[in-house]
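Please open the structure in a viewer and keep the sequence panel visible beside it. The tour proceeds by selections, each followed by an account of what is found there.

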Amino acid sequence: RLDSKSAIVLGWATGILAFLFVETNKLSGVGLYFALASGMFTLLAVVCCFLALRTRSDWKAPSDKSWIRETALGSEDEIKRYHIRVMHDIRQSNLQITEDKSVRLRLGEIFLTVGAALLFSGIAFPITVCVWGTGHL
């Protein structure tokens, strides 16, 4: 689920960056500053979500080497304890990877939200000033 959510946030953030890239030349004044700030936060969201998606390659799994240990072959209880330790270490490692992914996704969502709010403010501010200042668009 974290990968699909990261991909969704990455898509939205990339869409906002594409919109800003295309429409930036039409902005001026305060709207340009809002767009610049929005672009910076949205770029941070892209980086966070990219890193969240990238951590998938670090997953661990028990290997043949980890299942058979020369010193544990003398006792059945010792090899069972060894297998439990190996599985526990792998589970803890994978839980840490999941935690890292969720932190990066959470940061990406926050940055995306701030970037979208700044983009909305940058679009709405000039319209509001124009309507209130002159009475028409």
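In which helix of the chain is confidence lowest, and in which is it highest? The model is a predicted one, and colouring it by pLDDT gives the answer. Confidence is lowest in helix 3, residues 64-67, with a mean of 67; it is highest in helix 2, residues 30-54, with a mean of 90. Over the whole chain the mean pLDDT is 82, and 81% of the residues reach 70 or more.

**The whole chain**

Display the chain as a cartoon. Four helices and zero strands are present, and reading along the sequence gives the pattern α-α-α-α. The chain has 137 residues, of which 26% count as buried. Among contacts with a separation of 6 or more, 77% are accounted for by residues 24 or more positions apart.

**Helix 1**

Select residues 2-23, which form helix 1. This helix has 22 residues, and the distance from its first C-alpha to its last is 31 Å, close to the 32 Å expected at 1.5 Å a residue.

Next, select S6, V9, A13, I16 and L20, the buried residues of helix 1. Turn the view until it looks down the helix axis. The buried residues fall within an arc of 95 degrees, and therefore they line one face of helix 1. A general rule helps in reading this view: an α-helix has 3.6 residues a turn, so residues three or four places apart point the same way.

Which exposed residues are carried on the face of helix 1 turned away from its buried side? Select I8, F21 and V22 to see them. I8 has a relative accessible area of 52%, and it counts as exposed because the cut-off for that class is over 50%.

**Three stops along helix 1**

Begin with I16, which is found in helix 1. Is I16 buried or exposed? Its relative accessibility is 11%, so I16 counts as buried. Show its surroundings: not counting residues up to four places away in sequence, I16 touches S38, T42, L112, A116 and L119. A distance may also be drawn between the C-alpha atoms of I16 and G39, which are 23 residues apart along the chain and separated by 7.8 Å.

Move to L17, also placed in helix 1. L17 is partly exposed, with a relative accessible area of 24%. Its contacts, leaving aside neighbours within four places in sequence, are G39, T42, L43 and V46. From L17 to F41 the C-alpha distance is 9.9 Å, while the two residues are 24 apart in sequence.

Finish at L20. When neighbours within four places in sequence are left aside, L20 is in contact with A35, S38, G39 and L119.

**Helix 2**

Select residues 30-54 for helix 2. How far apart are the end C-alpha atoms of helix 2? They are 36 Å apart, and this agrees with the 36 Å that its 25 residues should span at 1.5 Å a residue.

Now highlight the buried residues of helix 2: G31, A35, S38, G39, T42, A45, V46, C48, C49 and A52. C49 offers a link back to helix 1, the helix in which I8 is placed. The C-alpha atoms of I8 and C49 are separated by 9.0 Å, although the residues are 41 apart along the chain.

**The two cysteines**

Keep C48 and C49 selected and display their sulfur atoms. How many disulfides are there? The count comes to zero. The sulfur of C49 is the nearest cysteine sulfur to that of C48, at 6.7 Å. A disulfide requires a pair of cysteine sulfur atoms within 2.5 Å, so C48 is in no disulfide. C49 is likewise in no disulfide. C48 is buried, with a relative accessible area of 12%, and C49 counts as buried at 0% relative accessibility.

**The largest nonpolar core**

For the last selection, show V9, A13, I16, L20, A45 and L112 as spheres. These residues have the most contacts inside the largest nonpolar core, which has 13 residues. Which helices each supply at least two residues of this core? They are helix 1, helix 2 and helix 4, the last of these covering residues 76-134. The largest share, five residues, comes from helix 2.

Technical notes: Residues are numbered from 1 along each chain as its sequence is written. This is a predicted model: local features need pLDDT of at least 70, side-chain atom pairs count only at pLDDT 80 or more; totals for chains, interfaces and linings use all residues. Side-chain values use heavy atoms; hydrogens and water are left out. Buried means under 20% relative accessible area, exposed over 50%, partly exposed in between (1.4 Å probe, protein chains only). pLDDT is the predictor's confidence in each residue, from 0 to 100. A nonpolar core is a set of buried Ala, Val, Leu, Ile, Met, Phe, Trp, Tyr and Cys residues joined through side-chain atoms within 4.5 Å. Contact means heavy atoms within 4.5 Å. The expected span of a helix is 1.5 Å times one less than its number of residues. The arc is that of the directions from the helix axis to the C-beta atoms.
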